[in-house]
Amino acid sequence: VSGKQHVEFHRKVLMRQHLLRHWRPPLNTAAYVPFIGDADLAAYLYGDLWVYGADLDPDRIEAAGRALPNIAAAGAGALRVADCDSWPFADLQPPKFSVADFDAYAEPYAAFRSFWGHAPKHDRLVLFFTDGQRQSMMRVGKWTAPDGTRLEAETEQARPIFNAYLSQYIWPWFEHFIAPWRVVDRFRYLRGWMVYWGAVVELG
Ligand SMILES: C[S@@+](CC[C@H](N)C(=O)[O-])C[C@H]1O[C@@H](n2cnc3c(N)ncnc32)[C@H](O)[C@@H]1O
């Protein structure tokens, strides 16, 4: 593990293992890994699934290719340089996704909305998010809502949102957005102002 792309890699892994312990993605399904970086998480956790990964940085994609020896089996183009705010695999026909892992630096929801709108999905899947919006909220008074709206507010006005960020702001939006899918399990932890969370969701 290179370390430089992660603060506390082991906590990211533990959260993922916690949800993956309760529900194991079936073999022959796919894992979507935008912001794949050096593929540390993907190589550690999703090696037995078909990994579809992308990153803006070509050096990261090269490193990810070395970390994921089985990536060729997912088909040509399953690992590519792309902006993940849009769905990067519109030209391919991947199998159904049972995992999507949005380990962004700060804003995972544009990529999530694109994935949700375009990707073939298994009827149960697990989703992970790295969300840094509370940092920008407090540091510069600007942030992006999960629906993509850019917002601005003085620190004092933003504080109620900051304080109840996941429970009253992100999760209600998320549940509404994925309906008729529903959340069957979830987990989260905070590190300073960063928010890390995941959910198992199911259709029906
Ligand atoms: C926190 S690192 C991800 C580390 C990765 N989860 C791993 O296991 O190695 C974030 C990555 O997102 C990439 N990135 C940032 N914005 C992006 C975008 N819009 N589309 C695709 N990749 C992006 C960066 O190049 C960086 O490699």
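## The nonpolar core

In this predicted model, the largest nonpolar core (a set of buried Ala, Val, Leu, Ile, Met, Phe, Trp, Tyr and Cys residues joined through side-chain atoms within 4.5 Å) has 70 residues, and those with the most contacts inside it are I36, Y46, F115, L127, F174, W197 and V201. Helix α7, residues 165-178, gives the most to this core, with eight residues; helices here are DSSP runs of H or I with at least four residues, strands are runs of E with at least two, and both are numbered from the N terminus. In soluble globular proteins, nonpolar side chains tend to be buried together.

I36 touches A42, V51, G53, A54, D55, I61, A64, L68 and L79, when residues up to four places away in sequence are not counted; a contact means heavy atoms within 4.5 Å.

## Two buried residues

V33 lies in strand β1, residues 30-34, and is buried, with a relative accessible area of 5%, where buried means under 20%, exposed over 50% and partly exposed in between, for a 1.4 Å probe and protein chains only. Leaving aside neighbours within four places in sequence, V33 is in contact with A42, Y46, V51, Y52, G53, A54 and D101.

L45 belongs to helix α2, residues 40-45, and counts as buried because its relative accessibility is 15%. Apart from residues up to four places away in sequence, L45 touches V13, R16, Q17 and L20, while the C-alpha atoms of L45 and H10, which are 35 residues apart along the chain, are separated by 12 Å.

## The chain as a whole

The protein chain has seven helices and nine strands, and 52% of its 204 residues count as buried. Among contacts between residues at least 6 apart in sequence, 65% join residues at least 24 apart. The radius of gyration, taken over C-alpha atoms, is 16 Å, which agrees with the value near 17 Å for a compact globule of 204 residues, the globule rule being 2.2 Å times the number of residues to the power 0.38. Along its principal axes, the C-alpha trace spans about 50 × 40 × 30 Å.

## Basis of the values

Residues are numbered from 1 along each chain as its sequence is written, and side-chain values use heavy atoms, with hydrogens and water left out. Because the model is predicted, local features need pLDDT of at least 70 and side-chain atom pairs count only at pLDDT 80 or more, whereas totals for chains, interfaces and linings use all residues.
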